[in-house]
Amino acid sequence: MNQPAVVIENLSRHFGQFKAVDNISLTVNKGETFGFLGANGAGKTTTIRMLCGLLMPTSGGGKVAGLDVYTQPELIKKRIGYMSQRFSLYPDLTGSENMRFYGAAYGLSTSRVHQRIAALSQMLSLHDFIDRSAASLPVGWRQRLALGVALLHEPEILFLDEPTAGVDPVFRRMFWEILYELAEQGVTVFVTTHYMDEAEFCGRISIMHQGRIIRVGRPLDLAQELGCENLEETFVTLVRSQEETNAPS
Amino acid sequence: MRRLRFIAQKEFYHVLRDARSLTIVLAMPMIMTFLYGYAINLDTENIVISVIDYDKTSESRNLADRLYNSTYFSMPKTKVDNLDPECALRSGRTQAVLIIKPGFAKALHTGEPFSLGLIIDGSDNNVSAAIQNYASILLQRFLTERLDPHVRLPVVKISPQVLYNPDLQSSHFFVPALVAIILLMVSALLTSVTISREKETGTIEQLLTAPVKPIEILLGKILPYVVIALIDGIIVLIFAKIVFGVPFVGSHLLLLGFGLIYISTSLSIGILISSLVKTQQVAMMFTAITTLLPSVMLSGFIFAIKNMPVALQLLSYIIPARYFVTIIRGIMLKGAGLHVLAGQGLILLLLMTIAVFIASRKFSTKVG
């Protein structure tokens, strides 16, 4: 019964000669909060986009919620929520207009959309700004709104691509409390971040470098394994050692 | 259906909240109608003609008066030097000089052969042809009236009858075609920014992770603009009627029907362009160039298609304006019916289908 939420097998994506994602394999369990870490340009976003049906893989396989990324992207879309790196709601529409639009896009009934908007406003405290245009919102509020849109159709898996970039610590803490709450409800959270304190909140993390996954494990185990004091040091040590081995001699 | 409605509604918000789109919707059709309607005028009036009168009789003065009393000709501001009439032509003070040699009055009475000199500035061949025509018509009338009532002229003559535009007003010919070109440009411009805007702002990323089909997105983006472009079409037609007095002989309903088809075709072309380019600026530039110029040149708006080189004639078949120019002129000026124009409408529908098909292919395979 405990079917994995995300299964990646030898997945690759090349852009011409450049191997953005180079033969990665990974399994994320249901209800897990998984931190997908890596330096800039390591291939995290490319991987997420392939899993969300925005990009076709070059080779290898992937299953999201038990569905195939090649043949069933339309079915996958109904079961996942996605927050892209860049704010991508309609800036000239208000929060509730954005939510109503996406409610319809996900095929929810009008009454269901109203229910969900009410529930999410409660959960994410959106009340104060839901009728303001998205463009006029501060970054932290925008991100909460974007999370609200991603959660409208009650997805079982959430893909969050740097959801807290440029957000102040108080907002970040609040954001993660919400993610915990979701994980408790059984939602799988697949999240990328550059903040190591956030990564420590994750059940497991993977560290990606130049298109490959170089380590997977529980944050504290990884730190212990390398004899590092904290995750930040672990991350830096790992990425540096990779760069040294990759450097031409 | 609900998705379609919400996509359409969202597009409406975009237009209403975006100053640039609103400008295209409201101001551009009116400005273009005014500009083109007034600028393109091939009716020649008030041609400046000078008369050098060596005869100096009441007859010769009558002839000169006859010219100046018509709306076609007017007097020069300064008198022309009798010895060097060409100087006035060169400087542009006059467009033609009529020379009445001595003996004009006498010849009128005796009926002996006599010729008048007419020097015409031929640098604008439209005007020079008009001068020749008008001058000989006026002279003919003058002579017929002067003739002895007992003299009988042969009664055979041509009596041409001009149908559909009896006054040969060029605005009646241009303005309906202008409606076609303005509608094409406005419609295509409106939709050309819709997908490129989503690419530019990144909203397409979120939209495509939702389970929405490309065709739903495309149709949802076209629908609201059908209404908007239709309103524009009506504005331009009202302008045509009030400002340029263009007649409307045929069926309003029929024009509405064909108008809807044409608008949808134009919007599809905008969508196609939008699916090909990345930014709104490029989309607008590309649309303006690809819709305006070929439509003006190759739709029969000004230049008759059948006089063009074969290559251009072939090219004109993919210009939607070509078909609608025929349709709107047919309906407004001739009162043409459905059976005459159905073929043109079908071709427009075909062009629309092709555009939407390519756009939806591009849209689903090439994200962001």
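Where is A:Ala65 found in chain A? Let's start there and work through this predicted model a piece at a time.

**Exercise 1. Place A:Ala65 and describe its surroundings.**

Solution. Step one is the chain position: A:Ala65 sits in the loop that runs between strand S4 (59-64) and strand S5 (67-68) of chain A.

Step two is burial. Take 20 or more other C-beta atoms within 10 Å as the cut-off for a buried residue. A:Ala65 has 20 other C-beta atoms within 10 Å, so it counts as buried.

Step three is the company it keeps. Setting aside neighbours within four places in sequence, A:Ala65 is in contact with A:Ala5, A:Ile76, A:Arg79, A:Glu156 and A:Ile157. For a distance in the other direction, try A:Glu243: this residue is 178 residues from A:Ala65 in sequence and 34 Å from it in space, C-alpha to C-alpha.

**Exercise 2. Find out whether A:Asn10 and A:Glu154 are buried, exposed or partly exposed.**

Solution. Begin with the backbone. A:Asn10 is not a glycine, yet its phi is positive, at about 50 degrees. A:Glu154, also not a glycine, has a positive phi of about 50 degrees.

Next, locate them. A:Asn10 belongs to strand S1 (residues 6-15) of chain A, while A:Glu154 is in the loop between helix H5 (139-151) and S7 of chain A.

Now count neighbours. A:Asn10 has 13 C-beta neighbours inside 10 Å, so it is partly exposed. A:Glu154 has 14 other C-beta atoms within 10 Å, and it too comes out as partly exposed.

**Exercise 3. Work out which residues of strand S6 of chain A are buried on each side, and which strand pairs with S6(A).**

Solution. Split S6 (residues 80-83) by face: A:Ile80 and A:Tyr82 are on one side, A:Gly81 and A:Met83 on the other. All four are buried, so both faces of the strand are covered.

For the partner, look to strand S7 (residues 157-161) of chain A, which pairs with S6(A) in the parallel sense over 4 bridges. One handle on the register is A:Met83, whose bridge partner in S7(A) is A:Leu160.

**Exercise 4. Say how many residues of helix H1 of chain A are buried, and what comes just after the helix.**

Solution. H1 covers residues 44-51, and 8 of its 8 residues are buried. The list includes charged side chains such as A:Lys44 and A:Arg49, alongside A:Ile48, A:Met50 and A:Leu51. Just past H1(A), A:Gly53 has a positive phi of about 80 degrees.

**Exercise 5. Take apart the contact between chain A and chain B.**

Solution. Count first: 22 residues come from chain A and 19 residues from chain B. On the chain A side, helix H2 (73-79) and helix H3 (95-105) each supply at least two residues. H3(A) gives the most, with 5 residues. By type, the chain A side divides into 13 nonpolar, 3 polar and 6 charged residues.

**Exercise 6. Lay out the sheet of chain B and the helices that lie across it.**

Solution. The strand order is S2-S1-S3-S4, an open sheet of 4 strands with mixed pairing. Strand S2 (73-74) and strand S4 (117-120) are at the edges with a single partner strand each, so one side of each has no neighbour in the sheet.

Now zoom in on one pair. Strand S3 (residues 96-100) and S4(B) run antiparallel, joined by 4 bridges, and B:Leu98 has B:Leu118 as its bridge partner in S4(B).

Then add the helices. Helix H3 (residues 58-69) of chain B lies across S1 (47-53), S2 and S3, at about 175 degrees to S1(B). Helix H6 (residues 125-146) of chain B lies across S1, S3 and S4, at about 160 degrees to S4(B).

**Exercise 7. Explain why chain B is described as more spread out than a compact globule.**

Solution. Chain B holds 14 helices and 4 strands. Its radius of gyration is 28 Å, well over the 21 Å that the globule rule gives for 368 residues, so chain B is more spread out than a compact globule. The C-alpha atoms fill a box of roughly 95 × 45 × 40 Å along the principal axes.

Look at the domains next. The assignment gives domain 1 (2-41 + 169-365) and domain 2 (47-146), with C-alpha centres 49 Å apart. Finally, buried residues make up 38% of the 368 residues in chain B.

Conventions: Residues numbered from 1 in each chain as written. Chains lettered and ligands numbered in written order. Predicted model: local features only at pLDDT ≥ 70, side-chain atom pairs only at ≥ 80, totals over all residues. Domains from an automatic or database assignment. Pairing = 2+ DSSP bridges. Contact = placed C-beta atoms within 7 Å. Axes fitted to C-alpha atoms, helices over the stretch in contact; angles between N-to-C directions. Buried ≥ 20, exposed ≤ 12 C-beta atoms within 10 Å, placed from the backbone. Rg over C-alpha atoms; globule rule 2.2 N^0.38 Å.
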